[in-house]
Amino acid sequence: MHPFDIVINPETKIGANCTIFNGVTIGRVRGKLGLPEIGNNVVISAGAKVIGNVKIGNNVMIGANAVVVRDVPNNATVGGIPAEIINYEGEKHTNLYI
């Protein structure tokens, strides 16, 4: 949506229909192996960080400024530092961006 200040490791796997807002960082932890794998229909809100060897499911909504360092299951909405599951209405939220 806003193409500035976005940092994505070029080896990261990102599924179809993903929306990535400004200020997002997606990458590995320095000195450790593994990169994020992001599913389909994922929204990564402004300022969020997805770091390390984590798997993000399908239909996931990641809240603004969240720091995701653990796997996120399908249809979840997550937020906070570190990110925690808020609810399982991710599909409802991500449909707003398709």
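## Salt bridges

A salt bridge here is a side-chain nitrogen of Lys or Arg lying within 4 Å of a carboxyl oxygen of Asp or Glu. With that in hand, let us walk through this structure, which is a predicted model. K55 and E37 meet the criterion, their closest N and O atoms being 3.6 Å apart. K55 belongs to strand 8 (residues 55-56) and E37 to strand 5 (residues 37-38), so this pair ties together parts that are 18 residues apart in sequence. Both partners are open to solvent to some degree: K55 is partly exposed at a relative accessible area of 43%, and E37 is partly exposed at 33%.

By this rule the count comes to 4 salt bridges. Another of them joins R70 to E84, with the closest N and O atoms 2.6 Å apart. This pair also links distant parts of the chain, since R70 sits in the loop between strand 10 and strand 11 while E84 is in strand 12 (residues 84-87), 14 residues away. R70 has a relative accessible area of 42% and is partly exposed; E84, at 44%, is partly exposed as well. A further salt bridge brings together the side chains of E89 and K92, at 3.3 Å from N to O. Here E89 is partly exposed, with 36% relative accessibility, whereas K92 counts as exposed because its value of 54% is over the 50% cut-off.

## Overall architecture

Stepping back, the protein contains 1 helix and 12 strands. Read along the sequence, the strands come before the helix, in the pattern β-β-β-β-β-β-β-β-β-β-β-β-α. The radius of gyration is 12 Å, close to the 13 Å that the globule rule gives for 98 residues, so the protein is as compact as a globular protein of that length.

The C-alpha trace spans about 35 × 25 × 25 Å along its principal axes. Of the 98 residues, 41% are buried. Among contacts with a separation of 6 or more, 20% are between residues 24 or more positions apart.

## The parallel sheet

Four of the strands build an open sheet in the order 1-4-7-10, with parallel pairing. Its edges are strand 1 (7-8) and strand 10 (67-68), each of which pairs on one side only.

At one end of that order, strand 1 pairs with strand 4 (residues 25-27) in the parallel sense over 2 bridges. Looking at individual residues, V7 has T25 of strand 4 as its bridge partner.

## The nonpolar core

Which residues have the most contacts inside the largest nonpolar core? They are I44, V50, I56, I62 and V68, in a core of 18 residues. In soluble globular proteins, nonpolar side chains tend to be buried together.

I62 gives a good view of how this core is put together. Leaving aside neighbours within four places in sequence, I62 is in contact with V43, I44, S45, A48, V50, I56, V68 and V78. That list includes I44, V50, I56 and V68, which appear with I62 among the core residues with the most contacts.

## T77 in strand 11

T77 is found in strand 11 (residues 77-79). Is T77 buried or exposed? T77 is buried, because its relative accessible area of 9% is under the 20% cut-off.

Beyond neighbours within four places in sequence, T77 is in contact with M61, E84, I85, I86, N87, E89, G90 and H93. Two of these have been met already: E84, the salt-bridge partner of R70, and E89, the salt-bridge partner of K92.

## N17 and its partner across the sequence

N17 lies in the loop between strand 2 (13-14) and strand 3 (19-20). With a relative accessibility of 52%, N17 counts as exposed. Leaving aside neighbours within four places in sequence, what is N17 in contact with? The answer is N41 and V42.

N17 and N41 are 24 residues apart in sequence, and their C-alpha atoms are 4.8 Å apart in space. The two side chains also make a polar contact, at 3.4 Å.

How values were computed: Residues numbered from 1 in each chain as written. Predicted model: local features only at pLDDT ≥ 70, side-chain atom pairs only at ≥ 80, totals over all residues. Heavy atoms only, no water. Core = buried A, V, L, I, M, F, W, Y, C linked by side-chain atoms within 4.5 Å. Buried < 20%, exposed > 50% of the residue type's maximum accessible area, 1.4 Å probe, protein only. Contact = heavy atoms within 4.5 Å. Pairing = 2+ DSSP bridges. Polar contact = N/O pair within 3.5 Å; in protein donor to acceptor, adjacent residues only side chain to side chain. Rg over C-alpha atoms; globule rule 2.2 N^0.38 Å.
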